[in-house]
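Trainee: I would like to go through the charged side-chain pairs here. Where should we begin?

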Amino acid sequence: MKSSPHRPSIELLFKRGLGSAEIARRLQISSSTVRNVVAAIKKRGDASEVKKSGRPRSVNTRNTRAIIKKRIIRNDGLSLNRMASQLGIARSIVQSIVKNDLKLKSYKLRRGQYLSDKSKAMRLEKCRKLLQHFQVRRVSDVIWTDEKIFTIEPLPNRQNQRQLLSKDDSMSPKRRLAHNRLFPKSVMVWAGITATGKTPLVFIERNVKINSEVYQKIVLMDNLLPWVTQHFAGGPFILQQDWAPSHGSRSTLAVLEAHFPGFLDKNLWPASSPDLNPMDFSVWGMLEGKIAGKVFATVDDLKAALEVAWASIDDGYLRRTVNSVKKRLRACVKARGSNFEILL
């Protein structure tokens, strides 16, 4: 029975000798309420409310669970804080329902390349070709290459980079600002790996445009060819590269045919496929992790740190990373050319 604000009045009139119907008429309340209060007076001698024992009634009801489930189905990115605020209940209750009753878990959004239907079809076709190709040739003989820009001011991790301050200091000058300059100094880095080794890092300054001439001379002839000659010692190898304009020009193709025969041409290597290149899906991330959180005074300091980090990458890691390529190709085929990392 819900508590009635008329309890004292009902008790007073009842003790004056009035009946339940007359009390209900005078107070203009339901007769059932009067009868319940009168029954309590007869049982305990007064109309005071008895405190209930045990835990208070939970708001985790079937209706609440149904509402939360429906909202998540409509928008699975809905904030728990916002949902709790909208429903007028504690966030901990929403979190408990989501975790324990609905058996849901929060996951970070996966990052991946946007793929059109045409791109997916092309990737599917070329992944099948590559799997056939690697039945004859060894994936361990491929030189996987790529370029990446590194800056002297790495982006801060805003999720984990925090500061412990009192409430009074939270708006004071002690509160540090995570910032980056608008155009931080940077350097373009080219590199490549095989299952058994690493090329030298090739640094290309920011003001140098990587056209066909620069790519052929600085990357292919001055650095990659001497390394290939020494590392493979006349043995077979396969060059992989993306098909940026400077990589696919007529003059560059002539250099490739002359010095790197058997390279993965456009008929084999799919565009929009960083998830198939070990440099993209693993190596660059590892290199970034090794210098993470450091701010470098000069580009030369950045280069030196990258050289140290590059030298620390061991052959076991290279072998495992390269050997995962076939698994990724099969996953890409299974996903019909779409993003496939969930299948790994």
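**Salt bridges in the predicted model**

Mentor: This is a predicted model. Begin with R138 and D141, whose side chains meet in a salt bridge at 3.0 Å, N to O.

Trainee: Is D141 buried or exposed?

Mentor: Its partner R138 has a relative accessible area of 52% and is exposed. For D141 the relative accessible area is 7%. Buried means under 20%, so D141 is buried.

Trainee: Which residues are joined into one network by salt bridges that share partners?

Mentor: R25 pairs with E22 in a salt bridge. The side chain of E22 also meets that of R26 in a salt bridge, at 3.1 Å from N to O. The shared partners therefore join one network, made up of E22, R25 and R26.

Trainee: How far apart are the closest N and O atoms of R25 and E22?

Mentor: R25 and E22 lie three residues apart in helix α2, residues 20–27, so about one helical turn separates them. Side chains of opposite charge can pair when their charged atoms come close. For R25 and E22, the closest N and O atoms are apart by 2.4 Å.

Trainee: What is the relative accessible area of E22?

Mentor: R25 is exposed, at 55%. E22 is partly exposed, a class that lies between the 20% and 50% cut-offs. The relative accessible area of E22 is 24%.

Trainee: How many salt bridges does a search of the whole structure find?

Mentor: Those discussed include R138 with D141 and R25 with E22. Searching the whole structure gives a total of ten.

Conventions: Residues are numbered from 1 along each chain as its sequence is written. This is a predicted model: local features need pLDDT of at least 70, side-chain atom pairs count only at pLDDT 80 or more; totals for chains, interfaces and linings use all residues. Side-chain values use heavy atoms; hydrogens and water are left out. A salt bridge is a side-chain nitrogen of Lys or Arg within 4 Å of a carboxyl oxygen of Asp or Glu. Helices (H or I, at least four residues) and strands (E, at least two) are DSSP runs, numbered from the N terminus. Buried means under 20% relative accessible area, exposed over 50%, partly exposed in between (1.4 Å probe, protein chains only).
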